[in-house]
Amino acid sequence: MSKTEVAADYPQVRDQIRAQSGSVASRKIRERIIEFGMFLCAVFSVAITVGIVWVLVYESWHFFANVSLVEFLTDTQWTVLFENPRYGILPLVTGTLVTSVIALLVALPLGTTIAIYLSEYANSTVREILKPILELLSAVPTVVFGYFALLFVTPILQRVLPELPGFNMLSAGIVIGIMIVPYVSSLSEDAMKAVPVHIREGSYAMGATRLQTALRVLMPAAFSGIASAYVLGFSRAVGETMVVAVAAGTQPNLTLNPMEGAATITAYIVQVSLGDLPHGSVAYQSIFAAGLTLMALTLVFNIGGYLLRKRFREIY
Amino acid sequence: MEKPSPSAIENSVARNKKCDKLFAVVGLISTLIGMLTLATLLGDLAIDGLARIKPHFFTSFPSRFPAQAGILSAWVGTILVMIVTASTAVPIGIGAGVYLEEYAPKNWLTAIIEINIANLAGVPSIVYGLMALGLFVYQFRFGQSILSAGLTLALLILPIVIVATREAIRAVPGSMREAAYALGATKWQTTSDHVLPYSMGGILTGVIIGLSRAIGETAPLITIGALTFIAFLPDPPIKADFPFISFEWLWSPFSVMPIQMFNWVSRPQAEFHLNAAATGLVLMVMTLAMNAIAIYFRYRFRKRIKW
């Protein structure tokens, strides 16, 4: 029976369908409009990136009209808010790198160990319980971690290291490290889980223990995924703001000593934003230049990670 | 190569087994360190802040006197900012997710959108703040307002909502769609009547996790110029006279709870640190509760739907 015959046999059904969905033509138009609307939503996400790049580059452009790029990259002082301002980004970069490296020294061993444990040792019940709780760590507001670093971790560290100042990069770095553990562990675990079972079984068949299998077979096999986890961890550490703004101090300080306090790029942006800076001043533009530096820093590491992954990629 | 003696092999096996056992313990301890930190954090906040949590803490404005200060303007600000964030990020995020899973053709534009979303998730939150400062505050002239703040956080959590929507939709089997098409449903009817309701659990989980992230965000809001000391409330959204609804509050200056906490923790007086701890405790309870709800949803929907 063809479509028209049905409609002819049941006119009330046909009318009901028409009443509900309109004519075929209007339905088609509505479909197109809805599809286009959702397409715009998807394209909107690209607009965000364009907006970020545009704002950072546009404001930095004005900044570099006032400050030479050479001074920005080579001067050893960052005193934008002082009377005779000097614009050397290096102290902020060292502050950022020192806190990030400390954070990675905490997060990478801890995160990798947890990943191996959850993926190879823990049974499914234990994993189902432990994993969500661990991931809560990354849900804690960062300003709370800042409080924790300044008023809990620093006093404890000061008992061991009596000359440690109240604001220091060590305690901020350690706390950021703990904060990014879930990022590192869950991505690494996913990567190890994705290694085909027969490779694991081959290793066990040769008499290897779980630890030997994990270290010598799974980690090399999952290197690509684990490297992405590390790179993401680094990006998080570099971009972390509130912990350093609260616990590491706001004084730009060209040093690699984690026992001192020093401002990071992000802490500087916060410090300037808290004051009431006139729109369009050099100090106002300087936070965009700092933001651009931050993006460049993460970009360099992301590209490095990408090249590393490409070099050591294992394909099954 | 010399053949190892049987006893050497035995020794090596025993040693490897011991290492294996040892690592099981080390692994468990490492995992527990994470949890221990979480517990310590909560405990520390509770010890310092619990004494401050009284009704007047929620009904007073910030003050020069620590014991009289409260978080009224901060929690009202948080709720209003969240309303703007949710009403922007949820429709756009779900729309983008549905488009990418159900409609998008395989071409270069789709590839760009997908790569872009993956990259956005890795952009530091303070960079969103800088973008919002340049674009919303000065270019669009929204000012240092609740509207700017809500939109900023919406952009920040958009990738989370999109990724969650896509994962949830991908879990709906193709047979569901084919059954709907077989009955003559259009693409949108299939999506809205069948695919979306089935994936609601996953989408909701993503939305809640995104919002819990937004509630705790501090840095981007400081960048766009949130005030740290605010002793008034925005215009009420409901008016006594016609048209009864007012959107004046969108343009109001604001503070939110994490910023109030940051302000108190960066003061030298220890008395203010107690207020910070109390605010932190409220924040932690809120975010942990939201995450618990999200985990529960994920668990429940996974259990209930059996294909």
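Start by selecting residues 6–50 of chain B, then 54–304: the domain assignment calls these domain 1 and domain 2 of chain B. You are looking at a predicted model, so colour the two pieces separately and check how they sit. Their C-alpha centres are 36 Å apart. Where they touch, six residues come from domain 1 of chain B and seven residues from domain 2 of chain B. On the domain 1 side, that patch divides into four nonpolar residues, one polar and one charged.

**Next, show chain B as a cartoon**

You should count 11 helices and zero strands in chain B. Trace the chain along its sequence and the pattern is helix after helix: α-α-α-α-α-α-α-α-α-α-α. Is chain B spread out or a compact globule? Its radius of gyration is 25 Å, well over the 19 Å that the globule rule gives for 307 residues, so chain B is more spread out than a compact globule. Along the principal axes, the C-alpha atoms of chain B fill a box of roughly 90 × 65 × 40 Å. Even so, 45% of the 307 residues of chain B count as buried. Looking at contacts in chain B with a separation of 6 or more, 76% join residues 24 or more positions apart.

**Now colour chain B by pLDDT**

The mean for chain B is 87, and 94% of its residues reach 70 or more. Pick out helix α6 (residues 146–170) of chain B, which has the highest mean pLDDT among the elements of that chain, at 93. Then go to helix α2 (residues 55–59) of chain B, which has the lowest, at 83. For the complex, the predictor gives an ipTM of 0.87 and a pTM of 0.87.

**Bring in chain A**

Here 67 residues of chain A are in contact with 69 residues of chain B. Which helix of chain A gives the most to this side? Select residues 24–66 of chain A: that is helix α3, and it gives 20 residues. The whole chain A side of the contact divides into 46 nonpolar residues, 16 polar and five charged.

**Finish in the core**

The largest nonpolar core holds 181 residues. Among the members that touch the most others are A:Tyr147, A:Val246, B:Ile157 and B:Val161. Zoom in on A:Tyr147 and show what surrounds this residue. Leaving out residues up to four places away in sequence, A:Tyr147 touches A:Val246 as well as B:Val265, B:Ala276, B:Ala277 and B:Gly280.

Key: Residues are numbered from 1 along each chain as its sequence is written. Chains are lettered from A and ligands numbered from 1 in the order in which they are written. This is a predicted model: local features need pLDDT of at least 70, side-chain atom pairs count only at pLDDT 80 or more; totals for chains, interfaces and linings use all residues. Helices (H or I, at least four residues) and strands (E, at least two) are DSSP runs, numbered from the N terminus. The radius of gyration is taken over C-alpha atoms; the globule rule is 2.2 Å times the number of residues to the power 0.38. A residue is buried if 20 or more other C-beta atoms lie within 10 Å of its own, exposed if 12 or fewer, and partly exposed in between; C-beta atoms are placed from the backbone. Two residues are in contact if their C-beta atoms, placed from the backbone, lie within 7 Å. Ala, Val, Leu, Ile, Met, Phe, Trp, Tyr, Cys and Pro count as nonpolar, Asp, Glu, Lys and Arg as charged, and the others, Gly among them, as polar. pLDDT is the predictor's confidence in each residue, from 0 to 100. A nonpolar core is a set of buried Ala, Val, Leu, Ile, Met, Phe, Trp, Tyr and Cys residues joined through C-beta atoms within 7 Å. Domain bounds come from an automatic or database domain assignment.
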